[in-house]
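User: Please take a close look at one part of this model, the contact between two of its chains, and set it against the build of a single chain.

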Amino acid sequence: MAVSLGELAVRFGCELRGDPQTHVERVATLANADERSLAFLANPRYRPQLADTRAAAVVLDAASADACPTQALVCDNPYATYARIASVLHPATGAVPGVHPTAIVTPGAHLDPSAQVAALATIGAGAVVGARCFIGPHCHLDEGVVLAEDVRLVARVTLCRGVQLGARVVVHPGVVIGSDGFGFASERGAWLKVPQVGGVRVGADVEIGANTTIDRGAIEDTVLEEGVKLDNLIQIGHNVRIGAHSALAACVGISGSTTIGKRCMIGGAVGFAGHIAITDDVVITGFSMVSHSITKPGVYSGAIPLEAAGAWRRLVARFKRSGRLESRVKRLERAAGVKSGREEDHD
Amino acid sequence: MAVSLGELAVRFGCELRGDPQTHVERVATLANADERSLAFLANPRYRPQLADTRAAAVVLDAASADACPTQALVCDNPYATYARIASVLHPATGAVPGVHPTAIVTPGAHLDPSAQVAALATIGAGAVVGARCFIGPHCHLDEGVVLAEDVRLVARVTLCRGVQLGARVVVHPGVVIGSDGFGFASERGAWLKVPQVGGVRVGADVEIGANTTIDRGAIEDTVLEEGVKLDNLIQIGHNVRIGAHSALAACVGISGSTTIGKRCMIGGAVGFAGHIAITDDVVITGFSMVSHSITKPGVYSGAIPLEAAGAWRRLVARFKRSGRLESRVKRLERAAGVKSGREEDHD
Amino acid sequence: MAVSLGELAVRFGCELRGDPQTHVERVATLANADERSLAFLANPRYRPQLADTRAAAVVLDAASADACPTQALVCDNPYATYARIASVLHPATGAVPGVHPTAIVTPGAHLDPSAQVAALATIGAGAVVGARCFIGPHCHLDEGVVLAEDVRLVARVTLCRGVQLGARVVVHPGVVIGSDGFGFASERGAWLKVPQVGGVRVGADVEIGANTTIDRGAIEDTVLEEGVKLDNLIQIGHNVRIGAHSALAACVGISGSTTIGKRCMIGGAVGFAGHIAITDDVVITGFSMVSHSITKPGVYSGAIPLEAAGAWRRLVARFKRSGRLESRVKRLERAAGVKSGREEDHD
């Protein structure tokens, strides 16, 4: 879809430095854009590519605009503005009302007539599918699942009994929502299953990445508040609660009954112990292990970057004999008549 | 389903402190229970909620019973007793014999007439499905798969060629059992696939969480013994063997040919190297890396909890320059004429 | 399939020590082989099992041949030779041309007549399926997917819009290729979706393990070069590029826009930050966190093996108070009039 720079500037509140009649058809990277493409500059890492771009126009902020060799759409938040323009140039396909003849809709399910149900989707008794929902191929909605309007299940999504999704939720392939939580009672050396009778409630505007799993609550519900974004291959245990607008990168695991606050940002592969609480506005860098509650907003880390194998081996060996080093220092202190200086510890 | 406290006390061997004619209909948390609900107290963390509960009755042990403001079912193992009562109040749905008209059963498969095959399930040649099995929607059983009685494949489970599941095994959506192990031989700078000709044998009463993957053996079988419980998103490599009644939390990865003993408890995201052996009754806390065999029962750990980012950065910097600190101590020892004290190391 | 040792020796360039007329029917481990089985010895760990093997013949190298109590096929690379022989004794089933009556092929898709499409597979408009491809049950190929010849999608694979797979690619169940990358722009406290308009290109001879996810590019493509091998439950972020013949073990996660070189070997559960570059011929041992680019080939590590819980607790406590130990050493140096010895640091 070709759109003029003038229209984009007006629509998204940019200052246009260039010809309002220039049309762009697609987005591209600074490095590979051509005269029909629109590029953007948000991450300073890509600043060096600006000088040589052949884009029709670049979306960027005022600080970078003077260095732009082509036309520019200048705005305060170039990445967000780029996102909006990209949605115009590359619009998502909406639902085409109707039920594919091979889809299986159990009598007693309620489908809004504007919804689309694709090939081989199965919808259980009592399920409710809202206006303009898209139920992709191979999806399964078990009994009593409720979808608000404009939900998009891309393909092969499994929603277990009674799961509820809010408006505009997007779910990518392979996701499982509402599987049983991991609840077993120990009894005479074996495990006894604890029935998982809670549900899962997902707020509006949540997006859930491929092959992520979200367990149903043991008694009460597992909850994702509005605007939460989950990447791929994330595990959400039973009775977890994630606050509004928090974003979790891939491979994160959250143990049961842990709560994450609002507007948190969790890096990849972070692991959370169960039954802890993370307050609002916490950032956790990737690969950290969170074993205790966090009560103060801020940035937290817990991973040690790798080294060449030999150097790492020596580091680990020293770590393992750190007790001996403390003893040696203590003996030196004794010999020198120096106190151990606990009062100087500022960490 | 409403059940009287008297019946529950008799059936599950509890001491009832209250009216045997009181009926309960559902389970609930201590905090949110009402006069038709049964709650329980097992984790001391929730003890403070006991005083204010409005539950009809609480399942708890003798030590907590006096503090209970409502009726009580007193027993030695409240969590296990709660599990049994919850199964009565919220019974699992059993198989409804029959094959959905859209299921595809290849001629030559043997289905017990009491089994249920749901919509769009596919069952390959030579497969055997035992009495009262439930094959959920979108499941695929490849050729020669064998299920004992009362197996429950919730939905969208893939069992590859020849996989064998024992009685009462429960498998959650998205699980793949019997995919090829990761076997490749290096040859002139490229990888040559090593055929994976072993199978997978899963013992009775095993439960397997959503999107977990279990590879078939390279030559002999991958084995899960009876009563093993696997959480979501776990990876089991080829020729792994997991001993009876071991429980693994989510996101654990076990490399090929490693064996885990009986009654082990493995925390979330623990990783195991290949070709090692973990003895019986080992507990490993979450996020640990297991690179060597463990020969003694006990509790093992290997993760460092996160810190505020600045403090963590200083810790990592000190870790990386630990060699220098050792050198400094050595120089001090030399200057002071003190020995390095190797003999005082007790770790 | 029974094959004579003579034929195997000729076909795979082995020196046969034994009777060329002996026939073998299957592969087996050294420990469990019988007189109709062929075993191999490649990993020195299994050398002790050689003396007692009852295999008809063992594939091994010259250094081990004299210790072999049975017939031997002697070669330079026993594991690769074993792989080739196992492929003869246990041949993979090829595609049986035809489309299952329950498969759904959208008009406008192009299927080579020699391809096989299994039950309940769905193929979107404009998709192209090459010669002798096998599209397993429950697979979904979205619009515009292109498969070269001899691709094998084992079962329940989801290929999103426009994904391209090279010749002989093998994809195991549960894999998702081409799901949206994790791209969101922050705007006034919420997240705005950034359209993901790139694709995924997978080179020839790539194999992808169960439940692995590969995101489509944000603007340009995510790329796996030829011969790459991915194990199960791996996450590949948008715009990642993996060089030819690299092999990644299970549970690895690669953040967006990171590139991995050729012939790299990545251990299980390794995590990569985004926007970094790993050069060719890098080996990273399991459980490492890679936060910076690696520019020199070699072996890298970053994980600390676990300990008995008490010992580990003491190690962590000492790590956390490492600042205090540095202060104590500094005070000792001051008291002794010794310099801090920065110049002696050799790590």
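Analyst: What follows goes from the conventions to the contact, and then to the chain behind it.

This is a predicted model, in which local features need pLDDT of at least 70 and side-chain atom pairs count only at pLDDT 80 or more, while totals for chains, interfaces and linings use all residues. Residues are numbered from 1 along each chain as its sequence is written, and chains are lettered from A and ligands numbered from 1 in the order in which they are written.

Chain A is superposed on chain C by a rotation of 120 degrees with 0.0 Å of shift along the axis, at an RMSD of 0.0 Å (a least-squares fit on the C-alpha atoms of residues with pLDDT of at least 70 in both copies). The two copies are therefore related as by a three-fold rotation axis. They use different surfaces, since 19% of the contact residues of chain A recur in chain C, where contact requires C-beta atoms, placed from the backbone, to lie within 7 Å.

To this contact chain A gives 69 residues and chain C gives 64 residues. On the side of chain A that touches chain C, the elements that supply two or more residues are helix H3 (78-89), strand S40 (307-308), helix H4 (309-320) and helix H5 (322-336) of chain A; helices (H or I, at least four residues) and strands (E, at least two) are DSSP runs numbered from the N terminus. That side comprises 33 nonpolar, 21 polar and 15 charged residues, with Ala, Val, Leu, Ile, Met, Phe, Trp, Tyr, Cys and Pro counted as nonpolar, Asp, Glu, Lys and Arg as charged, and the others, Gly among them, as polar.

S40(A) also pairs across the contact, running antiparallel to strand S39 (residues 298-301) of chain C and joined to that strand by two bridges, pairing being assigned if DSSP finds at least two bridges between two strands. Within this pair, Glu307(A) has Ser301(C) as its bridge partner.

Inside chain A, parallel pairing appears as well: two bridges join strand S18 (residues 158-159) to strand S21 (residues 176-179), and three bridges link S21(A) to strand S26 (residues 213-215) of chain A. Ile177(A) in S21(A) stands opposite Leu159(A) and is also the bridge partner of Ile214(A) in S26(A).

As a whole, chain A has five helices and 40 strands, and its C-alpha atoms fill a box of roughly 85 × 65 × 35 Å along the principal axes.

Key
Two residues are in contact if their C-beta atoms, placed from the backbone, lie within 7 Å.
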